[in-house]
4 protein chains.
Amino acid sequence: MIFLKNDYSLGAHPKVLDALIETNMTLADGYCEDEFCYRAADQIRQLIDCPDADVHFLPGGTQTNMTALAAFLRPHHSVISADTGHICVHETGAIEATGHKINHVPTEDGKLRPEDIEEVLIFHEDEHYVKPRIIYLSNSTETGLIYKKGELLALRKACDEHGLLMYLDGARLAMALTTEGNDLSFKDLPKIADAFYIGGTKCGAMFGEALVIVNDQLKEDARFLIKQRGGLMAKGRLLGVQFEALLKDDLYLQLGAHANRMAKLLADGIRAKGYDFVIPPQTNLIFPLFPKGLVAELKEKVMFEGWPYVTETHEAIRLVTSWGTEEREIKEFLTLI
Amino acid sequence: MIFLKNDYSLGAHPKVLDALIETNMTLADGYCEDEFCYRAADQIRQLIDCPDADVHFLPGGTQTNMTALAAFLRPHHSVISADTGHICVHETGAIEATGHKINHVPTEDGKLRPEDIEEVLIFHEDEHYVKPRIIYLSNSTETGLIYKKGELLALRKACDEHGLLMYLDGARLAMALTTEGNDLSFKDLPKIADAFYIGGTKCGAMFGEALVIVNDQLKEDARFLIKQRGGLMAKGRLLGVQFEALLKDDLYLQLGAHANRMAKLLADGIRAKGYDFVIPPQTNLIFPLFPKGLVAELKEKVMFEGWPYVTETHEAIRLVTSWGTEEREIKEFLTLI
Amino acid sequence: MIFLKNDYSLGAHPKVLDALIETNMTLADGYCEDEFCYRAADQIRQLIDCPDADVHFLPGGTQTNMTALAAFLRPHHSVISADTGHICVHETGAIEATGHKINHVPTEDGKLRPEDIEEVLIFHEDEHYVKPRIIYLSNSTETGLIYKKGELLALRKACDEHGLLMYLDGARLAMALTTEGNDLSFKDLPKIADAFYIGGTKCGAMFGEALVIVNDQLKEDARFLIKQRGGLMAKGRLLGVQFEALLKDDLYLQLGAHANRMAKLLADGIRAKGYDFVIPPQTNLIFPLFPKGLVAELKEKVMFEGWPYVTETHEAIRLVTSWGTEEREIKEFLTLI
Amino acid sequence: MIFLKNDYSLGAHPKVLDALIETNMTLADGYCEDEFCYRAADQIRQLIDCPDADVHFLPGGTQTNMTALAAFLRPHHSVISADTGHICVHETGAIEATGHKINHVPTEDGKLRPEDIEEVLIFHEDEHYVKPRIIYLSNSTETGLIYKKGELLALRKACDEHGLLMYLDGARLAMALTTEGNDLSFKDLPKIADAFYIGGTKCGAMFGEALVIVNDQLKEDARFLIKQRGGLMAKGRLLGVQFEALLKDDLYLQLGAHANRMAKLLADGIRAKGYDFVIPPQTNLIFPLFPKGLVAELKEKVMFEGWPYVTETHEAIRLVTSWGTEEREIKEFLTLI
């Protein structure tokens, strides 16, 4: 079977694994108060050129999103998100379970725009409504698209005008920052977002995410909140070790670039065969539209997921590449269509 | 000023007030464990022809909705509601504050239909999503419409097919059950809904709602939940006294019928003057579409609220009648347009 | 039956009831945005000599406690309370249901002291523990005692030293401020507490409490939180009307003084008959220790509640007087012992 | 420095690490739906002789406790725990953050007894109080003690009499089941507890715990709840791989036995030097009482934590051994006292 189902089905990138092996019998203090976490946090502060940022390490993405958002909000505050956002659909109501409404915004392509924010705010005029307080973005998005720097700056401007915070889910940040057409860099992030996370799980780590809090007003007592929501690992050192390895010699971005390269190869091949896409391919998630018969055939030989877009004769599917995808697999796939 | 702004701006209907006055110096046990509450609960059980129903009295509508829904659900359960539903908009995220997502369903007219439920369920297939567990209806709706018996039975069927519960918000049940074209009666409710509330605040009471739990599986420990959410009044007797008075000699339905009659007079008059409605008038909330100039003029002499429907030349407004609206006021309004 | 069971078993004091009757057919805007609430809030600000205080009206005590505390806290914050505090025992976990731990402090007599606070803080040193953030006091306490001004100032000092807020539950504030030995006045409260409530339900109102927020940092968006927790009444005017009547011509304090006077008569009589108390009588809740046989006899003729203090031969009971208790009843009771 | 500070400061036991290395590049489905997790779950079902048990894998202990308890309870339910229980102190109010009160029970030695349960229940008589619904035990306890089989059966009996569930935190289950005097086995657990977890983090795993749900009524939709609380790992396979390795050839129990052996060596040595213990040593956490001067000296050469027991001349400290502690370290420590 060719595997194009997701980007979290291998273990760790070998260099990350090596770092875990090497440090396995080193004693370290618990709960991310160890030299590995301290060093990795420093590396991140340098990478993003923001010496005052607070960096926390958590085991997973849903955990990170729910912990951060709940930490930043008062009980009547809501989160504005594209209705395809991970927190809207794939987190089993984790945000609501912390007490907060999400204002789901229907979008054309999974990207939030300033006018979407305005439209939510018009309908939230007084204390009979929740008070939108933060916007949630993912970059790259669940639809495989990226935000260009200008787009993020426009969103930032809208946030500033309306007293909103901005939180960016970077589960696939490695792919977002390395794809063709991207003009955003690590250093831009703390200038735009109040907080964001650098995703490890889908970008080469065995597991783990690095939450970066830039806005001073959101920093207080973050460790209490992480502990309370179950995200402060006893062996936090595991996360420090992994991020140190991932960020060394740009490995993180190289792995994102590799996933994107494989996706581009795949998309170019699909297009060359005359097929189209329901969303223009940009990163490692692509959405070709195939005849229904072909989709049925592919299921025999390829692992992939569906996508809710169907016509009478065709249906869209989701293909995902990762740091571990090999060119050989892409070529093999292309022979099947 | 003519008052057509809402149906909760007077105190109690005089007969309800009299009952409160009469019983004011009678000693009664606390927390709805008194003869007044017991008698009122019995009256309700007779009225709805459901001797096994549990009846609880709470001070307000948001309180009742949030308490009941949170009591019926496990943490991963969600509520399906038309996106105009009171719980979606006007309760400051009270449901989410108890930990539950609401699946907002866009509808044409504020009424939920079986196909709306199906559409939500398609996208909630496994444990990565919340699990829809209950549907929320209001009758009459926030758009002034009623559900006919057949419509409710169709929804019930959809619920049964999908293992869903049904909860009905009866803030304006008096109006729903007495308007032209209605074929639903008190006795039908326990056969259709798992739980519902008979609204007092907007239907003649000084304040208070009667929550009726029909489904045996939802009854356990309801008083704990009501107390925990702050809805178990020390002087619960106040609620029993009021409902006894409201339900005596059909006063409750008479008050609803009066509000509807005033609204019909108003709607007929407006239509006679050549104006149209953005939602067909059915109960005590009506939504005429007026030229913008006229709306501006009306603001000087009438208290009313806007409605989010605007064209280049016209805008819709919301007019509300109540048990206290006088024919004189309607006539006066009609002279203004 | 002589009624000495609680102080919330009558309706409203006649003057409060009259005010409700008089204003019953006056139209008023909803949700406490009406002239009655505005005037009552002003009266309270004058009474407490604190022109900048925010005043909100809520229907009940549990509602007020849970709404206020949840509004003031971040998710990892806890509340320090004497373990006999109303929020610890008699609110069905309402505070915890909003996500916050209460640090229960065992005390000798139901009163919190600075050393109790210190003791809690010693064990809450870092992010593995909740962070105590506010102390909860009731005055008078559930044990019928009052805090003297000096005691409250000492607690305030402890709060200031440790970055803690102070919240005072005034369910029985009328009794606290009018009993023999009290040296605290309304005007002292905003100088000592960050927020408190003036209880209506047990002090002459039909129902309702007035939440006063003194600390500017706790004021923001309070109405959102009150609405979200179900405490913003559609007919908020009912609360404004009642507090206006209660505060006119010192009625509120007179009613508290009456309850205390009746309790003193009762306590003096009991003592004169040679019985003792498990807590020294101070306000309208008193706790005599009677022979078990006598308690059994009293049950036939008096309504009262037990108290968890039992010896081999004796048991304590709780006797409560109210604004409605008559001297005749006290005398009758005394003939029984 | 000699390390006797805790049992989670190394990485994984070499055999567990080897299993992670070996399977690192094997593709596996996400979210614990993979062959490793399926096999490990089967192993556990065999180990505990309970073919119908549900087994779920989560990344950490606080996560597991809060997810399981919140999944099992309705909003008004509380948890009874010894006040030294991990959930009472060291989880930053995680349980309360899910909405549930913990009834803290003071105990002599950190072990809960049937009479402690009775005492809580006496004070929780009606809907004004939370409803205790589950007891929380840890075995071994935070005080290093174990429950004997008879003790657990007595607690079970108390639970059955009062309609309570039993949940057992097995963070240190490997130590509990292998220490001198223990008569409990894996196979006894599902006969006694409704749910429990087999701790990995402190017993040889890199990280991770296995939650076992025995009671059929608690099984429904557990995966939804785990996902919602952030505990369903994308690469759940990591947990399956580790538990498979840990449970192979009894490694799990061997590691527990080793930690206990090292602790016994340490305790015997300390006692031989004439020192006493504030809690009798039983597993890998021991609490010697040393002169204050000695404690100060030890701090220079040994990493350990304090314990809140101090006399004028002496203070207690906590010493912890683990699967990685070497005999050499124990001997070295003993030369220091």
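# A tour of the chain interfaces

Select chains B and D to begin: 100% of the interface residues of chain B are also interface residues in chain D, so the copies meet through the same surface. The model on the screen is a predicted one, and every value given along this route is computed from it.

**Stop 1: chains B and D as a pair.** Keep both chains displayed and superpose one on the other; chain B can be laid on chain D with an RMSD of 0.0 Å by a turn of 180° with a shift of 0.0 Å along the axis, which is the relation of a two-fold axis. To find where this axis passes, select B:Arg74, whose C-alpha is the one in chain B nearest the axis, at 3.6 Å from it.

**Stop 2: the contact between B and D.** Now select the residues in contact, of which chain B contributes 24 and chain D likewise contributes 24. Together the two chains bury about 2,000 Å², with 51% of that area on carbon and sulfur atoms. Highlight B:Arg74, B:Glu127 and B:Phe224, since chain B owes 33% of the area it buries against chain D to these residues, more than to any other three.

B:Glu127 deserves a separate view, with its side chain drawn as sticks: B:Glu127 forms a salt bridge with D:Arg223, in which the closest N and O atoms lie 2.5 Å apart. Across this interface there are 4 salt bridges, and the count of residue pairs in polar contact between chain B and chain D is 12, taking pairs with both residues at pLDDT 80 or more.

Colouring chain B by secondary structure shows which elements take part: helix H3 (61-72) and helix H10 (222-228) of chain B are the elements that give two or more residues to the side touching chain D. Of the elements, H10(B) gives the most to that side, with 5 residues. If you colour by residue class instead, the side of chain B that touches chain D has 9 nonpolar, 5 polar and 10 charged residues.

**Stop 3: chains A and D.** Hide chain B and bring in chain A, leaving chain D in place. Here the contact takes 44 residues from chain A and 43 from chain D, and the area buried between the two chains is about 3,900 Å², of which carbon and sulfur atoms give 60%. Select A:Asn24, A:Gln228 and A:Lys235, which supply 16% of the area that chain A buries against chain D, more than any other three residues.

For the charged contacts, select D:Lys5 and A:Asp29, whose side chains meet in a salt bridge with an N to O distance of 2.6 Å. The interface of chain A and chain D holds 2 salt bridges, together with 28 residue pairs in polar contact, both residues again being at pLDDT 80 or more.

On the side of chain A that touches chain D, the elements giving two or more residues are helices H1 (14-22), H3 (61-72), H5 (94-97), H10 (222-228) and H11 (237-247) of chain A. By class, the residues of that side divide into 24 nonpolar, 13 polar and 7 charged.

**Stop 4: a loop in chain C.** Finally, turn to chain C and select C:Glu108, which sits in the loop between strand E4 (102-105) and helix H6 (114-122) of chain C. Is C:Glu108 buried or exposed? At 78% relative accessibility, C:Glu108 counts as exposed. Add C:Ile279 to the selection: C:Glu108 and C:Ile279 are 171 residues apart in sequence, while their C-alpha atoms are 9.9 Å apart in space.

Methods
Residues numbered from 1 in each chain as written. Chains lettered and ligands numbered in written order. Predicted model: local features only at pLDDT ≥ 70, side-chain atom pairs only at ≥ 80, totals over all residues. Heavy atoms only, no water. Least-squares fit on C-alpha atoms with pLDDT ≥ 70 in both. Contact = heavy atoms within 4.5 Å. Buried area = accessible area lost by both parts, 1.4 Å probe. Polar contact = N/O pair within 3.5 Å; in protein donor to acceptor, adjacent residues only side chain to side chain. Helix = DSSP H or I, 4+ residues; strand = E, 2+ residues; numbered from the N terminus. Nonpolar A, V, L, I, M, F, W, Y, C, P; charged D, E, K, R; others polar. Buried < 20%, exposed > 50% of the residue type's maximum accessible area, 1.4 Å probe, protein only.
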